[in-house]
Amino acid sequence: MKFTMILIGLLGLFIASAFADYNININDDGNTAGSGQQTVSVNNEHNVANIDNNNGWNSWNTLWDYNTGFAATRIFDKKSCIVHKMKTDVMPSIQALDALVKEKKGKGPRKPSPKGLMYSVNPNQVDDLSRFGKNIAGMCQGIPTYVADEIPRANMFFYVRKCYSADILWILNISFCGSTVEN
């Protein structure tokens with residue numbers, strides 16, 4: 001009887017770990033002009049990735065919902081949330097992200113240079129968060145939320161507004177531009 005209970009307990013631990021999130025911590029040595037500490041959680045069961053950037057007043061949280069095709073970034077010092085469509089040809093798939101963080105765990109930034117995306121933030125607040133799915137609605141609930149549209153690469157050179165950068169590890173540099181993110 002004891003052996004059976006132990007076996008069931010070990011089996012439960014094994015099954016639970018198979019469906020658990022995968023976390024990686026990346027530290028910026030000395031935190032001098034860097035991005036602080038980032039944590040990536042990949043939940044393959046729900047098809048969601050969560051990136052936390054902990055850097056004092058410049059902290060933010062990004063959620064990539066691969067089921068809905070939307071991503072959201074909550075910028076803590078701006079007390080706002082920005083939602084945009086995921087750019088699947090630039091942003092890694094959930095399987096690729098999971099593999100990248102497992103492969104690079106603890107190694108920090110690597111070449112080649114990260115890909116970049118720039119978004120223009122619409123100044124009108126979103127009234128109905130449900131169209132972005134329950135994960136994003138839950139993250140952005142209760143704070144001003146805005147939609148952002150990608151600025152095509154050809155127009156980036158002519159864009160003069162200030163931008164807020166949310167760099168995802170060594171993988172992707174995302175900039176949000178517009179009056180809602182300017183100081």
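Q: Hey, what pattern do the disulfides of this protein follow?
A: They go 1-2, 3-4, if you count the bonded cysteines along the chain. Keep in mind that this is a predicted model.

Q: Okay, and how many disulfides does the structure hold?
A: There are 2 disulfides in it.

Q: Remind me, what's a disulfide again?
A: It's a covalent bond between the sulfur atoms of two cysteines.

Q: Got it. Which residue is joined to Cys81?
A: That's Cys140, with an S to S distance of 1.9 Å. This pair links distant parts of the chain. Cys81 sits in strand E6 (residues 80-85), while Cys140 belongs to helix H3 (residues 134-140), and the two are 59 residues apart.

Q: Are Cys81 and Cys140 buried or exposed?
A: Both of them are buried.

Q: What about Cys163, which residue does that one form a disulfide with?
A: Cys163 pairs up with Cys177, and their sulfur atoms are 1.9 Å apart. Strand E9 (residues 163-168) holds Cys163, and strand E10 (residues 172-177) holds Cys177. Here the cysteines are 14 residues apart, and they too link distant parts of the chain.

Q: Is the disulfide of Cys163 and Cys177 right-handed or left-handed, and why?
A: It's right-handed, because the torsion about the S-S bond is about 100°.

Q: And is Cys163 buried, partly exposed or exposed?
A: Cys163 counts as partly exposed, because its relative accessibility is 33%, and that falls between the 20% and 50% cut-offs. Its partner Cys177 has a relative accessible area of 0%, so Cys177 is buried.

Q: Switching topics: where is Asn53 found?
A: Look in strand E3, which covers residues 48-54.

Q: Why does Asn53 count as buried?
A: Because its relative accessibility is 2%, and buried means under 20%.

Q: Which side chain does the side chain of Asn53 have a polar contact with?
A: The side chain of Gln38, at 3.0 Å.

Q: Now the nonpolar stuff. How many residues are in the largest nonpolar core?
A: It has 30 residues. Trp64, Leu97, Leu172 and Phe176 are the ones with the most contacts inside that core.

Q: Leu172 sounds busy! What does Leu172 touch?
A: Leaving out residues up to four places away in sequence, Leu172 touches Trp64, Val90, Met91, Pro114, Lys115, Gly116, Leu117, Ala166 and Asp167.

Q: And which residues does the second core include?
A: Among them are Leu63, Ala72, Val83 and Ile136. That core is separate and has 14 residues.

Key: Residues numbered from 1 in each chain as written. Predicted model: local features only at pLDDT ≥ 70, side-chain atom pairs only at ≥ 80, totals over all residues. Heavy atoms only, no water. Disulfide = S-S within 2.5 Å. Helix = DSSP H or I, 4+ residues; strand = E, 2+ residues; numbered from the N terminus. Buried < 20%, exposed > 50% of the residue type's maximum accessible area, 1.4 Å probe, protein only. Polar contact = N/O pair within 3.5 Å; in protein donor to acceptor, adjacent residues only side chain to side chain. Core = buried A, V, L, I, M, F, W, Y, C linked by side-chain atoms within 4.5 Å. Contact = heavy atoms within 4.5 Å.
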